[in-house]
Amino acid sequence: MADAAVDKRSNAVLIVGAGLSGMQSGLLLAQRGHAVYLLDEAPGIGGSLHLLDRTFPTDSCGLCISSPTNATYCPSIECSLHPSITPLPLAELLALDGEPGHFRARIRRNPRYVNVERCNLCGDCAAVCPATRPHPHEGDLAPQKAIYAPPPRAVPNAYVIDMAACIRCGKCVEACPTGAINLEEQAAEETLEVGAVILSPGYAPFDARRKGEFGFGVLSNVVTSIQFERMVSPPGSTRGKLVRPSDGRTPKRIAFIQCVGSRDQTVAREYCSSICCMYTAKQARAALESQPDAEITVFTMDIRTFGKGYDRYWDSVQHEGIRFCRAMVSKAKQHPKTGHIALNYVSEAGEPKEEEFDLVVLAVGLESPQSARELAQRIGLDVNPYGFGETGEFAPVASNRSGIFIAGCYTEPKDIPDTVAQAAAALQAARLNLTAVLDAPIRHEKLEDAQDVYEDLRHKYDARLEMYQSGQEPDYWFVDQAQQQLDDAELYLSRIRQQGAVQLQNVQNEVARAAQAHQEAQDALARLLREVDTKEIEAAELTVRAAELALEEARGRLADGVLRL
């Protein structure tokens, strides 16, 4: 009976969003013995981290910062190799029913149209594909074929088809030497049994076209910070070289405009995105390394460098000859012949000015992805007015729904160190919640079942105490939790025994009443025998027999009750 109840509960954890935060939570949970489902709507796990060639404030790759220990591989590969982690790319959470310890997650696995096992990354399919689409990060600066390969560190590293761009000509099918492509592949749904859920769906960059005064999407030499990040990164389409989109020339005068889509009431984005100042400093330094004679100007309202080592990093960038102008740019326009971008602004002295630049970079802020907002609505989570997940003031990773936790940029825009820290907090909150749910004693009406539960919990407490004393388990909370559960089970067992004692007394009273009725029937029979009334004697004998049967039944219940106690 006890085992059947326990089997319905699971210690597995579903993580929605396989970027930096999701991978950090997944690796730590897997190391602690939990089965992990790592789900992401993208074709591969890894998220936006694959865009970064360097991170502030160290200017190193920084990918391994998401690994709980010194990584042998990048974290996306570490996740794919861990036996307790099941990556689920191209998947989405459709519904979530149940309660902590026993959630039923209905997911949809969207088709890739390319068999991962057969794909050898030869690229023959992309070579013959006639359809193109904007690159998800570089946009029209580096168009991508409808069939394309994810970033090299993404998992799985195999081609995928974007059916929104595909024209179904079938040329890729004919060109594939391994027969890996199936244009008729269909989506499939499945249900996962999990005990807890962590949501870390990441962020979406602000759409710079909403700030029409800067001309993004119209003026060819205005790019976003995401596009510029790829431009200064060796894995990008320009292999780390600065290139002006309009004519392919190397830009000399470069302007950065800060707070595009942040701290701006006109686009309902009053919050600070927290990372833009620092990534601009990083990109400006990278631009100088690529083009030492570049003249770089940063237009900003003010500077917010709040992380560890960030002020020192910013000061070092200032000493490298980068000019900082405290002003808000009001308009950008492009010269039709030269391609230069003229920026209008008011100086700190209050004078209207206009300056020309070869290239303008818009430092876009971060916002909640639309898919994350839709997910919150489907599974009943609260979000704030900006679409980020709502948490408690003193529970920064707990959602309004018990057993569901949120982390990373889904709570608010944040940098890598804060993302890693919050991912660890989310996994610990999920683990503590699961421990409390899975270890809670199951209530039973039968005394023997309650005794079994009590003995199981007593052995669990002894084992955890021994692990803590030997140093195998550093957190005493797990010992204290087992002690509380043991105390609860003991109280429950005592209550059952008390209830049994009351029931036993009731049976004893019933036996006494039955014995009295039996005696009265015997007396009546003896009296009738003296009077020699045959009919009444027969009736009296029946009454005596019935009383004897009632007495035997009551004594049987009494014996059974004594044995149980």
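Among contacts in the chain between residues at least 6 apart in sequence, what percentage join residues at least 24 apart? In this predicted model, the share is 68%. The chain that these contacts hold within it has 13 helices and 22 strands. Of its 565 residues, 48% are buried. The chain exposes about 27,800 Å², and carbon and sulfur atoms supply 50% of that area.

The interior may be considered next. In soluble globular proteins, nonpolar side chains tend to be buried together. Here the largest nonpolar core has 54 residues. The members that touch the most other members are Phe-228, Ile-296, Phe-299, Leu-343, Val-360 and Leu-362. Helix α7, which spans residues 276–290, gives the most to this core, contributing nine residues. Leu-343 serves as an example of the surroundings of one core member: setting aside residues up to four places away in sequence, the residues it touches include Ala-255, Ile-257, Phe-299, Val-329, Phe-357 and Val-360. Lys-331, Lys-353, Glu-354 and Glu-355 are also among the residues touched by Leu-343. A second core, separate from the one just described, has 28 residues, among them Leu-20, Leu-38, Leu-49 and Phe-405.

The strands offer a further view of the chain. An open sheet is formed by three strands in the order β4-β5-β10, with antiparallel pairing. Its edge strands, β4 (91–99) and β10 (188–194), each pair on one side only. From one strand to the next, the twist averages 20 degrees. Within this sheet, β4 pairs with β5 (residues 102–109) in the antiparallel sense over eight bridges. One of the bridge partners in β5 is Arg-109, which is matched with Ala-91.

Note on methods. Residues are numbered from 1 along each chain as its sequence is written. This is a predicted model: local features need pLDDT of at least 70, side-chain atom pairs count only at pLDDT 80 or more; totals for chains, interfaces and linings use all residues. Side-chain values use heavy atoms; hydrogens and water are left out. Helices (H or I, at least four residues) and strands (E, at least two) are DSSP runs, numbered from the N terminus. Buried means under 20% relative accessible area, exposed over 50%, partly exposed in between (1.4 Å probe, protein chains only). Contact means heavy atoms within 4.5 Å. Accessible areas come from the Shrake-Rupley method with a 1.4 Å probe; for residues, only the protein chains shown count as cover. A nonpolar core is a set of buried Ala, Val, Leu, Ile, Met, Phe, Trp, Tyr and Cys residues joined through side-chain atoms within 4.5 Å. Two strands pair if DSSP finds at least two bridges between them. Axes are lines fitted to C-alpha atoms, for helices over the stretch in contact, and angles run from 0 to 180 degrees between N-to-C directions.
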